[in-house]
Amino acid sequence: GPSRARRDARAMRAVRASPSLARLTRSTRRRDATKTRRASWRMSDGGSNDDDDARDDRRDARARESARRERRRASASDEGEASYDGFGEAPRGRLAREGAEDARRRGRGSEREARYDRAAARRERGVAPTIAEGLVGEIVYGTNPVLEALRQNRRALFALYVQTGEGGAANGGKGAGAESEILRLAEARAVTVKRASKHDLNMACDNKPHQGVLLDAEALEIPTLEDLPKWDGRGEPPVWLALDEIVDPQNLGAALRSAHFLGVDGVVCCAKNSAPFNATVSKASAGAMEAQVVHQTGVMHRFLAKARDEGWDVVGAAADARAEDVSDFSVRAPTILVMGNEGSGLRTNVRRACNRLIEIPRSASSAAGVDSLNVSVAAGILIHRLVAARRSRA
């Protein structure tokens, strides 16, 4: 009746007056219009068929990739170590099953927490351990380091490993002459000689250049030095090298090589915050670490200050306004050359302990960014100059 018509009219006026309801109405109209346009596009120019074909191609590609993944998983699970693509539970292969069984026998936790113990599995199968597993001490690798370690006899020697097969010195490869001397010294020192493949030697020394020989030896003892030896004033004054916190083993080895080759009387290093005297340093020094007796000191600046008070010239290498040109430097007394850290140079207390500073002048044509030398290179230049200066004095 008329009353119902009036109620509907009032309701419509209320809808038009409400902002939120008005926005909802406009949004609905736009959505309906968009659907209409999409429908009209599908009905024209065959757009629907092209879209359906693309969807079908993508669906088929996903199905093929899933099938390939399942085949790979099944093959790996049956024949060897299982591959895991990151989805679902990790599959288990032959090695995983062996690891779980090994952990179960040893009571090492649940199957899910088990980790495959390859060394234990090899022992149970009667397979010989790898070189790394059979080491008694630490390794020394490379022709010159091994040769010098045998010559100097400063270490306890446990075993010598020599490469066999193609490229090995035993078969006329490079370094055959040096290996003959190594074998002779090993026999004289009653060192057990074992043959090993190149692969085994590579694994033992982490793919470092072993040159076909590897020595199992006791760690080299580095004696502590508190006082420098007294000079009686006869002959050439001694020249020592002090290395203050050299942390790169390659730099340390190269500096030791230069010091030994040029004839310094001794080398002293920091007991802390320095590169360890290991196989890398021995290899970088070409065996000089085995031949040159290197000392260590606990507090470098105190050691240097004491040497200065006892009449030594403590000469620090630094690019400083007070530094003397190395070309004009003369050796008048027992001298100790101090080389600082690769990045920061001489520490403040070490610099204060020096009574003289020297530098290597740079070329005027050198690039602005090349403002220093590598510490081992600088040490070689300065040692050469100091040794030459003391000879001219004598």
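Visitor: In which loop is N153 found?

Guide: This is a predicted model. In it, N153 follows helix 7 (143–152) and precedes strand 2 (157–163). The residue is therefore in the loop between helix 7 and strand 2.

Visitor: Is N153 buried, partly exposed or exposed?

Guide: Buried would require under 20% relative accessible area, and exposed over 50%. N153 has a relative accessible area of 43%. That value lies in between, so N153 is partly exposed.

Visitor: What is the phi of N273?

Guide: Most residues other than glycine have a negative phi. N273 is not a glycine, yet its phi is positive. The residue lies in the loop between strand 6 (266–270) and helix 11 (279–284). Its phi is near 55 degrees.

Visitor: Is N273 buried or exposed?

Guide: The cut-off for exposed is over 50% relative accessible area. N273 has 54% relative accessibility, so N273 counts as exposed.

Visitor: Which element gives the largest share of the largest nonpolar core?

Guide: The largest nonpolar core has 35 residues, and L243, L252, L256, V267 and M339 have the most contacts inside it. Elements that give two or more residues to this core include strand 5 (239–243), helix 10 (249–262) and helix 15 (375–393). The largest share, eight residues, comes from helix 15.

Visitor: Leaving aside neighbours within four places in sequence, which residues are in contact with V267?

Guide: V267 is one of the residues with the most contacts inside the largest nonpolar core. With neighbours within four places in sequence left aside, the residues in contact with V267 are W240, L241, L243, L256, A259, Q292, V293, V294 and H295.

Notes: Residues are numbered from 1 along each chain as its sequence is written. This is a predicted model: local features need pLDDT of at least 70, side-chain atom pairs count only at pLDDT 80 or more; totals for chains, interfaces and linings use all residues. Side-chain values use heavy atoms; hydrogens and water are left out. Helices (H or I, at least four residues) and strands (E, at least two) are DSSP runs, numbered from the N terminus. Buried means under 20% relative accessible area, exposed over 50%, partly exposed in between (1.4 Å probe, protein chains only). A nonpolar core is a set of buried Ala, Val, Leu, Ile, Met, Phe, Trp, Tyr and Cys residues joined through side-chain atoms within 4.5 Å. Contact means heavy atoms within 4.5 Å.
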